[in-house]
Amino acid sequence: MERGIRIADLFKEEEKWPGKTAVVQGWVKTRRDSRAGVGFIELNDGSNLKGVQIVVELEGRDYSGLLGQITTGSAILVEGLVAASPGKGQSIELRAERIEIYGRAEAETYPLQKKRHSFEYLRRIAHLRPRTNTIGAAARVRSRLSFAIHRFFQDRGFHYIHTPVITASDCEGAGETFRVTTLDPARPVSGQTEDPYKSDFFARPAFLTVSGQLQAEIYALALGQVYTFGPTFRAENSNTSRHLAEFWMVEPEMAFHDLEDDLEVALAFIKYLIEVVLGECAQEAEFFNRFIEPGLIERLENAVRRSSEVVTYTEAVDILSKSGEKFAFPVEWGCDFQAEHERYLTEKVFGRPVAILNFPRALKPFYMRVNDDQKTVAAMDILVPGIGEIIGGSQREERLDVLLEQMSMKGIPKEDYRWYIELREFGSAPHSGFGLGLERLVQFVTGLPNIRETIPFPRTPGHAEF
RNA sequence: UCCCCGGUAGCUCAAUCGGCAGAGCGGGUGGCUGUUAACCACUAGGUUGGCGGUUCAAGUCCGUCCCGGGGAGCCA
């Protein structure tokens, strides 16, 4: 079919265009017209935050019937002459010579008006909300970041590993799991045996993955440096602006890397992604800076310009207990940090991303490497202002005897992790990795207050529509 | 799951002490030679989330359920 030019491409070399003819296709954002003279249509095709202004001269041609049908939300094609615009707000505009309507949107019932809507309202019309400036911009940033994540790792020789979505291990210490089954709870199997899973698809309990890390370790100990990037599922009944039941996680895993190397990669990774947003999504960043979070760009530039703060858990406890700040949960060595502690550190004390290393052994999962002091493990959390933890990682325990001891201490059934243990029996090597939640990253770089605006179709407790 | 706040026109919100349910935007109609959230005039639009209770009288008070938001926990 007839294909026009992307509006983003029109603006890319806008000085070249005046005098030439162009065809654009998109959705009408607003229409302003004066019946006696000229009509203006702002057309957006999703390629660009800013739409192109279409000028419809009514004199000499009869567009009056057509113009009335071009309501907000309509899908149209416009062919016209690109011209320098005499008005403010745009350098070039398109003077319509031909207009075709693909699909109308009834003005009385179209849910999106040319005004600001609340995010809560837009969530209820998730099939239309990507047409708004904010959600559209968030989607473009998310797309850019996803691609940049691949680029970062591929440029450094990492291999992309597709770890399974369905797993059989339930106790990785990473939250509640969704169960996967073909059994119908409404129709129990007759003559139920002692093993209720015998007639289930996998003949054993199965779940949606809460992390690809353990499987990524397998490939790291064969291909060296690998990463997974895919959907992850957590069944916690969490109702906050930072949680989703289905989200995307990036998990690099690197052989022959200790915690220090791990941290170096993680900090370079964050810096790279922020630079991508500032450089490749400048228009979106400016939009978010103006309408969502004033000061966003400065915050991001600050996070790139200054080196990140790195402290140990023990030092962080010291800073917090000497702060004189009244916390709802008092701080002492051995306690896990609460949201209030994390916020205080990254927002008040440092005012930028901060990495915390070497947490108490009792607080962290069995696979983290035990430090020489026997009290802590080689873990790292990277906190950012406004969000809290954005990256969690560690050096993994590569010593067979220590791993077995950790599993016993944490009550992890060894028979379920035979393969994980064997990695330590056959050519074990120091390795480390981390995980980053894509949606929290998008939140961090856009300033969007709720994580539900960072993913096209958010899944939260009680919500799986669309 | 717990704590707090909210649910009023299509959307965003107001309504004093319990006393006639309103505005802006959006829609419709008319006007205006270049608008930028266009502007001006007119106009339509309501079971005040559901159910029950108190009262002469309930958007407002009480009970309960549903829905939404913020925070906490859990987590990335």
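Here is a short walk through the structure above, from the whole chain down to single strand pairs.

The model is predicted, so to read it fairly, note that local features need pLDDT of at least 70 and side-chain atom pairs count only at pLDDT 80 or more, while totals for chains, interfaces and linings use all residues. Residues are numbered from 1 along each chain as its sequence is written, and chains are lettered from A and ligands numbered from 1 in the order in which they are written.

Let's begin with the overall picture. Along the principal axes, the C-alpha atoms of chain A fill a box of roughly 90 × 65 × 45 Å. Chain A has 13 helices and 15 strands; these are DSSP runs numbered from the N terminus, with helices being H or I of at least four residues and strands E of at least two. Of its 466 residues, 37% count as buried, meaning that 20 or more other C-beta atoms, placed from the backbone, lie within 10 Å of the residue's own. A contact here is a pair of residues whose C-beta atoms, placed from the backbone, lie within 7 Å. Among contacts in chain A with a separation of 6 or more, 68% are between residues 24 or more positions apart.

Next come the domains, whose bounds come from an automatic or database domain assignment. Chain A is divided into domain 1 (7–114) and domain 2 (131–453). Their centres, taken over C-alpha atoms, are 45 Å apart. Where they touch, five residues of domain 1 are in contact with eight residues of domain 2.

Now for the strands, where two of them pair if DSSP finds at least two bridges between them. Strand 5 (residues 92–103) is a good place to start: strand 3 (residues 52–57) pairs with it in the parallel sense over two bridges, and Ile54 stands opposite Leu94. Strand 4 (residues 75–84) runs antiparallel to strand 5, joined to it by ten bridges, with Gly80 opposite Ala96.

Further along the chain, eight strands form an open sheet of mixed pairing, in the order 6-9-10-15-14-13-12-11. Its edges are strand 6 (159–160) and strand 11 (309–312), each of which pairs on one side only. Within this sheet, strand 13 (residues 376–384) and strand 14 (residues 388–395) pair in the antiparallel sense over six bridges, and Ile382 has Ile391 in strand 14 as its bridge partner.

Finally, look at helix 5 (residues 213–223), which lies across strand 6, strand 9 (225–233), strand 10 (246–255) and strand 15 (431–437). Helix 5 runs at about 30° to strand 10, where axes are lines fitted to C-alpha atoms, for helices over the stretch in contact, and angles run from 0 to 180 degrees between N-to-C directions.

Definitions and conventions
A residue is buried if 20 or more other C-beta atoms lie within 10 Å of its own, exposed if 12 or fewer, and partly exposed in between; C-beta atoms are placed from the backbone. Two residues are in contact if their C-beta atoms, placed from the backbone, lie within 7 Å.
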